[in-house]
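I opened this one in the viewer and kept notes as I went. Here they are, entry by entry.

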Amino acid sequence: MSRVEDPDGDLVNRVARGDSAAIQALVARKLPRMLNLAQRMLGDPAEAEDVAQEAMLRAWKQAPRWTPGQAKFDTWLHRVGLNLCYDRLRKRREVAVETVPDQIDPGPAPDRGLIAADIGRRVEAALQRLPERQKEAIVLCHYQELGNIDAAQLMDVSVEALESLLGRGRRALRAALADLKEQTE
């Protein structure tokens, strides 16, 4: 097995030694990406914060046992985040929510903000309706900006299988949101 070059290796080693500056740097570097991943997978800001914080706590606890060279730390952290999201999604299936809470529009122009928020909700709803593996591929590649090789490794599939999932997911999103294209033209 070839050794994987990890851009976070030095930082993780410093975290393992209890370097408080390294811990802050790791959180600053990884927390926004974990929060984004969880938000896209769960669609709930409060749950996303919980998942992102739990992922960072596990990263801090795992750092002393991290074995460099086997995989990228970022890939491992994304897997932890995805697993935590899937745990939450499984629990949701058991307890159905009757209504989705309204979101406050933070935009300065109410008319454009309302339209953008509506489009965002539609895209998010369409994303949430995708099969889990297609949603995971879309989130990892488009929202988390992972390359196909890293995303495929994270999902434990071949690059070809990942590209197939991406293609099917994109087609499903395009079909579900076809009327948006007509509205924006």
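**Asp-50 first**

I started at Asp-50, which counts as partly exposed because its relative accessible area is 40%, between the 20% and 50% cut-offs. I should say up front that this is a predicted model. Asp-50 belongs to helix H3. I also looked up a C-alpha pair for it: Leu-35 is 15 residues away in sequence, and the two C-alpha atoms are 8.8 Å apart.

**Other stops on H3**

Next I went to Glu-47, also a residue of helix H3. Is Glu-47 buried or exposed? I get 16% relative accessibility, so Glu-47 goes down as buried. Then I asked which residues Glu-47 touches, not counting residues up to four places away in sequence. My list reads Leu-42, Arg-88 and Arg-92. I checked where the two arginines sit: helix H4 covers 73-94.

Ala-55 was my third pick in helix H3. Its relative accessibility is 0%, so I noted Ala-55 as buried. Leaving out residues up to four places away in sequence, Ala-55 touches Met-34, Leu-77, Val-80, Gly-81 and Leu-84. I also noted Leu-31, 24 residues from Ala-55 in sequence, with the C-alpha atoms 8.5 Å apart.

**The loop after H3**

Helix H3 runs over 45-62, and Pro-64 is in the loop between H3 and H4. Pro-64 comes out exposed, since its relative accessibility is 51% and the cut-off for exposed is over 50%. I looked for a sequence-distant partner and wrote down Val-15: it is 49 residues from Pro-64 along the chain, yet 7.7 Å away from C-alpha to C-alpha.

**Whole-protein tallies**

I stepped back for the totals. How many helices and strands does the protein have? I count nine helices and zero strands. Read along the sequence, that gives α-α-α-α-α-α-α-α-α. The protein has 185 residues, and 35% of them count as buried. For the contacts, I took residues at least 6 apart in sequence: 66% of those contacts join residues at least 24 apart.

**Cysteines**

I searched the whole structure for disulfides and got zero. I then looked up burial for two cysteines. Cys-85 has 0% relative accessibility and so counts as buried. Cys-141 is at 13%, so I put it down as buried too.

**Positive phi**

I checked two backbone entries with positive phi. Glu-145 has phi near 60°, a positive value in a residue other than glycine. Where is Glu-145 found? It is in the loop between helix H6 (132-143) and H7. At 65% relative accessibility, I list Glu-145 as exposed.

Asp-156 is the other entry: its phi is near 60° as well, again positive in a residue other than glycine. Asp-156 is placed in the loop between H7 and H8. Its relative accessible area of 70% is why I call Asp-156 exposed.

**H7 against H8**

That loop took me to the two helices around it. At what angle do H7 and H8 pack? I have about 95° between helix H7 (residues 148-155) and helix H8 (residues 159-176), with the axes 9 Å apart. So H7 is roughly perpendicular to H8.

I listed who meets whom. From H7 the residues are Asn-148, Ile-149, Ala-151, Ala-152 and Met-155. From H8 they are Val-159, Leu-162, Glu-163, Leu-165 and Leu-166. By type, the residues of this contact divide into eight nonpolar, one polar and one charged.

**Last look at H8**

Which residues of H8 are buried? I wrote down Leu-162, Leu-165, Leu-166, Gly-167, Gly-169 and Leu-173. Leu-162, Leu-165 and Leu-166 are also on my list of residues meeting H7.

I finished with a length check. H8 has 18 residues, and at 1.5 Å a residue they should span 26 Å. The end C-alpha atoms of H8 are 25 Å apart, so the check agrees.

Definitions and conventions
Residues numbered from 1 in each chain as written. Predicted model: local features only at pLDDT ≥ 70, side-chain atom pairs only at ≥ 80, totals over all residues. Heavy atoms only, no water. Axes fitted to C-alpha atoms, helices over the stretch in contact; angles between N-to-C directions. Helix = DSSP H or I, 4+ residues; strand = E, 2+ residues; numbered from the N terminus. Parallel < 35°, antiparallel > 145°, perpendicular 65-115°, else oblique. Contact = heavy atoms within 4.5 Å. Nonpolar A, V, L, I, M, F, W, Y, C, P; charged D, E, K, R; others polar. Expected span 1.5 Å × (residues − 1). Buried < 20%, exposed > 50% of the residue type's maximum accessible area, 1.4 Å probe, protein only. Disulfide = S-S within 2.5 Å.
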